[in-house]
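Student: I should like to learn how to read the features of a structure that is new to me. Could we go through it together?

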Amino acid sequence: MAVPIEEAIAALSTFSLEDDQPEVQGPGFWVSAEGGATISPIEYSDVAAYRLSLSEDTKAINQLNTLIQEGKEMGSVLYTYRSCVKALPQLPDSMKQSQADLYLETYQVLDLEMSRLREIQRWQASAASKLAADMQRFSRPERRINGPTVTHLWSMLKLLDVLIQLDHLKNAKASIPNDFSWYKRTFTQVSVQWQDTDSMREELDDLQIFLSTRWAILLNLHVEMFRVNNVEDILQVLIVFIVESLELNFALIFPERHTLLRVLPVLVVLAASSEKDSESLYKRVKINRLINIFKNDPVVPAFPDLHLSPAAILKELSTYFPKFSAQTRLLTLPAPHELPLREAQDYQRQYLIVNHIGAIRAEHDDFTVRFASAMSQLVLLKSIDGVDVEWVKEVKGNTYDMVVEGFQLLSRWTARVWEQCAWKFSRPCKDPVPMESHDMPASFSDYEKVVRYNYNAEERKALVELVSYIKSIGSMMQKVDTSVTDALWETIHAEVQDFVQNTLATMLRTTFRKKKDLSRILSDMRTLSADWMANTSKPETEMQSYPHSGEESRGTLFYPRPVAPTSAQVHCLQFLIYEVVSGGNMRKPGGIFGNSGSEIPINDLKQLETFFYKLGFFLHVLDYTATLGTLTDLGFLWFREFYLESSRVIQFPIECSLPWMLVDHVIESPIIGLLESALMSFDIYNDAAQQALVILKQRFLYDEIEAEVDNCFDIFVLKLCETIFTYYKSWAASELLDPSFLFAIDIGEKFAVQPMRFVALLKTTRVKLLGRTINLRSLIADRMNKMFRDNLEFLFDRFESQDLCAIVELEMLLDILQLTHELLSKDLTIDSFNLMLNEMQENVSLVSYSSRLASQIWTEMQNDFLPNFILCNTTQRFVRSARVPPVPVQKPSVPYAKPNFYCGTPDLNSAYQSFARLYCGFFGVPHMFSLVKLLGSRSLPWLIRALLDNISNKITTVEPMITGLQEALLKSIGLLPFDGGISGCMRLAKEHLSCWHSKSELKAEVLCGIKEIGSILYWMGLLDIVLREVDTRQFMQTAPWLGLIPGADGQILHSQEGGDSPMVTLFKSATTATMSNPNCTNPTSFHTISRQAEAADLLYKANINTGSVLEYALAFTSAALDKYCSKWSAAPKTGFIDITTSKDFYRIFSGLQIEYLEESVQLQSNTYEMLGDSVAWGGCTIIYLLGQQLHFELFDFSHQVLNVAEVESVAISPTQKNPNFLQGIEVLLEAMKKARRLNNHVFSMLKARCPLEDKQACAIKQSGAPLHRIKFENTVSAFETLPQKGA
Amino acid sequence: MARAGGITNAVNVGIAVQADWENREFISHISLNVRKLFDFLVQFEATTKSKLATLNEKLDTLERRLELLEVQVSTATANPALFNV
């Protein structure tokens, strides 16, 4: 009947359920199918079936359990009670007449709250009387009923614990008496009109006494208990039970241990206050054992933010119990705040996790490995048929052992967290030192002292680590829940059967043979739990495989059945063992098992004891998921109801919240391994929310947690993204630094990036948070997309606030960003970099060729670069002119950004800045490279076009001014005569040009115009050089694929005439080869590839022969000049060269040139620094393009002066002249020579790059006759006309 | 002194206990398998979710790319003159 189910379930495992999700979160408990073992779901009604006459006992247990349940709910009401007085409105003076109404309203509101307190008062009274009655009934010496069972003892202890906690809470909560007094006041006001209020008033007084008396519940319980004076025995039994359990500390999980620790001091006080002999207790339990226990745990957690101190309780209670106050040894125990310094330090060492984290880490690692190997053995076992029975037993036993060990580890660790919290709460930070010194608040709230400033960085780290250990082991164990269950059942079944069938049989045969009543109990134990048929239910063949020889030593063999004992069975077994050892006599002196006077031999006692405690732990193992849930629940770290009340605030800021402190620490700390624990810390919130809803049952707490989680998770994602971005950015930046350079410098390590692992977090697509599933990966991806865009935006903004020279820096930063993107894309899917770049450049449209960057560069050139930069021909650089610009350029201020928008870390930023600084003072070839790379082939033509248009505009603006100068020029200007010498020549030249004196502004503007034209042309020249290099590089890369070979004189030859290029051939042959293969499944794709290769071939070939930008620019300028040709280059009427009357452009430029040369020499005014070399470039280009180069070289004033000077320097020896004058002349001549050299250089470049068409001109034959319209060659090789040395 | 224990009808109880063990074996078997089934469902949901997340991520990328292409095409079709050249 069971086989089909099993098969069906097994078939499910054939589904592939793998997803590469990292384990970064704790266990989630969806449904708990168990929980029936520790708390019997049927209230032990099945106990009756075993006919042990335990019905009275069972009834009592159930009654106590109900009370415990109720009490816990009362406790959560009290714990989460928040003062409502603060929220009550006050009436303004103008509304005093309605005061009575307000009182009534207030009364009604408060009455609701007070009714809860009244309920608690009533409940505790009834609970105390029931507990007392129960104890009295079961401790009668005559013993008419069976009991109390061990379960019963536990229930008593738990109920006592609930009562103590309630009492403690009532004492601690200050808001309750507060609210009550307010309530009483309103009651007095309201009740004036009522009749018959006496009973209400009486009730009120009762409540007041209850609320204002410390330990009222305990005192009441004491009175109830000692109404009949016979509970001492059971109190002593309870104390002995607690002490032995605590000392053994084997079968307890931490909530039980804490319960015992809380109850013990109160029990001691109660037992000692008895009227009879209080000393009998110390006969059974030595006082030192008690003191040891109290000393071991000076603080015991009670509520998340409220602890108990046994010593303090003993002290406080001694004032209420005069008999107890004689116990000076117990009373001298120091309370936590009274501890002497040395002892406190010892405790500190014991409590702080940071002192144990090393050992815990080792335990964790060791356990994880062993657990995993046990699990894989189990899997292996299930996959093999017919294995050795012994091995099966061993593997399953091992699994059981691992589970027990896991529970014990978890219990110990979680207890550590609880206890550290309690310790921290008991010792607030005395001298808080805020980490952020800038916001130093005047005072700190108590909660800040106990939590926020009470954990230093090391302690936070240790806590994070421990939390993630607890959670990860929890989730590891929870994962295998269903696969280990039957192994656990089988092992437990085997243990029980082994005990009842073998151990008990041996005992019955030997030691108990003579003792009739004891052996009857033992045989009852066998009756109620033995599974005799287990060994016969299997086929005979298997049974025979057992070696018969070992039967004697191992007792009866049985086949383990995967069924666990019920809680009733365990309950009865524990009861019977207890009966055997105690003999049913509470007065029996000594402990339960540690008894010397017993009639049972020590060996058997030991066996019974071990089995007794094992039974206790079986229940926890059977409640697998429920136990795991309890042991990994860390929600208490969030709760702070007690401190909220004492601080009189509604809620603390999240900086004070321990879970957030942990998360924050993980992100902020540079410790790499911790990063993956960040989400584990969020599990604390999950636990807290679960507690708020299920245990405390308070909606408002859940709402507060939810609000905090929402906030925290947002901040977490934000901070995480920042960290990720910074990390990848600095990684990229340090990759791009030159490694050999880094190796050579001393501080190279500063620029290395410590590797971090974000992969796990980046993979996480489901984070479980308060029942929601959050896709962390997509959240991060979204943010990253935004961050990259923001960063691009910032870089462009920054560029816009600087001048054109910053383009190299921009390129550098963009390169880093691109590499960052590339590195991050390996782990995360984000938008492609080009897409983002285009988007931020506003360059998405297919038909727009400008971009944000291109237009910025153009604006920058127009407004700043062309007017304010000057050219240095020698260095090929433009530098900013020293002259103050007439109109200062308006620029936005440099935007601020965090270091991760530059290169990541501040160190890398400074490294890159020192690189960028090298390029910030000039504009030259490197800038042009950056510009070409950034603009690309898409926007560059747009920019070129804009610049060319600018040239033609400039020519148009300059034209009327030149006309003005032309008009002012003398009618006739002859050649400079040689006989006047240099000075004469200069004088004459000045006279010629004196007509321009009144037009100095016009001159300056014309010069500026020419300079700008020259600058643009030179800029084009630079661009041309750079483009050539880029093209060449591309050619080198593509040529082998396209089958191109550079020929002898710049020609490009095809390697195979008419045939396909190597790339096409390659793909074609690959296609044919694949096609011929019959196994080829998809031949069409190969066809496509081959066709695409052909297309690529065409595209790349078309790109090979790109024109020259400079040549194009010159042609464009030439065309632009055509319009003014008639004005600037008048054809001579005579047909001969017009010497004296010419007003052609060359003459104007010649005049302008000699004047500014002279000015620059005489005034030392650095006119040169204003104009630079681009004037020569502009002027000479126009002259050249107008075809006036030869004219210019013939008639240029400075040329003529230099010619004269050459003659003169031969004729006159320098000594004859006035040295001062001579020096002036020398400098001027030097400047002229320089200008001539420059002009020649420009002309030769122009001739090379823009050979003019053959011109027609006049020539004069040697005979003197003019020869019209002859053609002469205008093309000269550039190399022949390079500037001559010394010319 | 009243001793505890003393199952009144030990043989009957023994037989009942034996029957109980056998019945419970069946119950345990069923309950374990139901839990396994449930476990499977939970895991199936989780895996499916993360597979869907991966798919969603890819769709997101495609969608954004498509959006870009659409914008580009629309800019191009808004200027038909470009295609007449």
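Tutor: We shall take the domains, the contact between chains, the strands, the helices and two loop residues in turn. Please keep in mind that this is a predicted model.

Student: Into which domains is chain A divided?

Tutor: The assignment gives domain 1 (35-226), domain 2 (231-332), domain 3 (717-845 + 887-917) and domain 4 (924-1251). The centres of domain 3 and domain 4 of chain A, taken over C-alpha atoms, are separated by 41 Å. Five residues from domain 3 and six residues from domain 4 of chain A make up their contact. On the side of domain 3 of chain A that touches domain 4, four residues are nonpolar, one is charged and none is polar.

Student: How many residues of chain A are in contact with chain B?

Tutor: The size of an interface is often given as the accessible area lost when the parts come together. Here we count residues instead: 51 residues of chain A are in contact with 49 residues of chain B. Two or more residues each come from α1 (3-12), α19 (481-509), α20 (516-529) and α23 (567-582) of chain A. The largest share of this side of chain A belongs to α20(A), with seven residues. By type, the side of chain A that touches chain B holds 24 nonpolar, 13 polar and 14 charged residues.

Student: Let us turn to strands. In which order do the strands of the open sheet in chain A lie?

Tutor: Strands of a sheet pair through backbone hydrogen bonds, either parallel or antiparallel. In chain A, three strands form an open sheet in the order β5-β6-β7, with antiparallel pairing. Its edge strands, β5 (869-872) and β7 (922-923) of chain A, each pair on one side only. Two bridges connect β6 (residues 877-880) and β7 of chain A, and A:Phe878 has A:Phe923 of β7(A) as its bridge partner.

Student: What joins β1(A) to β2(A)?

Tutor: A hairpin does so, through two residues. The strands β1 (residues 300-303) and β2 (residues 306-308) of chain A run antiparallel and share three bridges. Within this pair, A:Phe303 stands opposite A:Leu306 of β2(A).

Student: How far apart are the end C-alpha atoms of helix α15 of chain A, and what span is expected?

Tutor: One compares the expected span with the distance between the ends. The 27 residues of α15 (residues 357-383) of chain A should span 39 Å at 1.5 Å a residue, and the end C-alpha atoms are 39 Å apart, so the two agree. Buried residues of α15(A) include A:Ile357, A:His364 and A:Phe371. Among the elements that cover the buried residues of α15(A) are α16 (389-426), α18 (457-479) and α19 of chain A.

Student: Where does α39(A) bend?

Tutor: The bend, of about 35 degrees, is at A:Met1036, and the proline A:Pro1040 follows within four residues. For the 43 residues of α39 (residues 1000-1042) of chain A, the expected span is 63 Å and the ends are 60 Å apart, which agrees. After α39(A) comes A:Gly1043, with a positive phi near 75 degrees.

Student: Why does A:Arg648 count as exposed, and A:Lys697 as partly exposed?

Tutor: The answer lies in counting neighbours. A:Arg648 counts as exposed because it has 11 C-beta neighbours inside 10 Å, and A:Lys697 counts as partly exposed because it has 14. A:Arg648 is in the loop between α26 (641-647) and α27 (658-668) of chain A, and its phi is positive, about 55 degrees, although it is not a glycine. A:Lys697, in the loop between α28 (678-695) and α29 (699-736) of chain A, is likewise not a glycine and has a positive phi near 55 degrees.

Methods: Residues numbered from 1 in each chain as written. Chains lettered and ligands numbered in written order. Predicted model: local features only at pLDDT ≥ 70, side-chain atom pairs only at ≥ 80, totals over all residues. Contact = placed C-beta atoms within 7 Å. Nonpolar A, V, L, I, M, F, W, Y, C, P; charged D, E, K, R; others polar. Pairing = 2+ DSSP bridges. Expected span 1.5 Å × (residues − 1). Buried ≥ 20, exposed ≤ 12 C-beta atoms within 10 Å, placed from the backbone. Domains from an automatic or database assignment. Bend = angle between axes of the 7 residues up to and from the residue.
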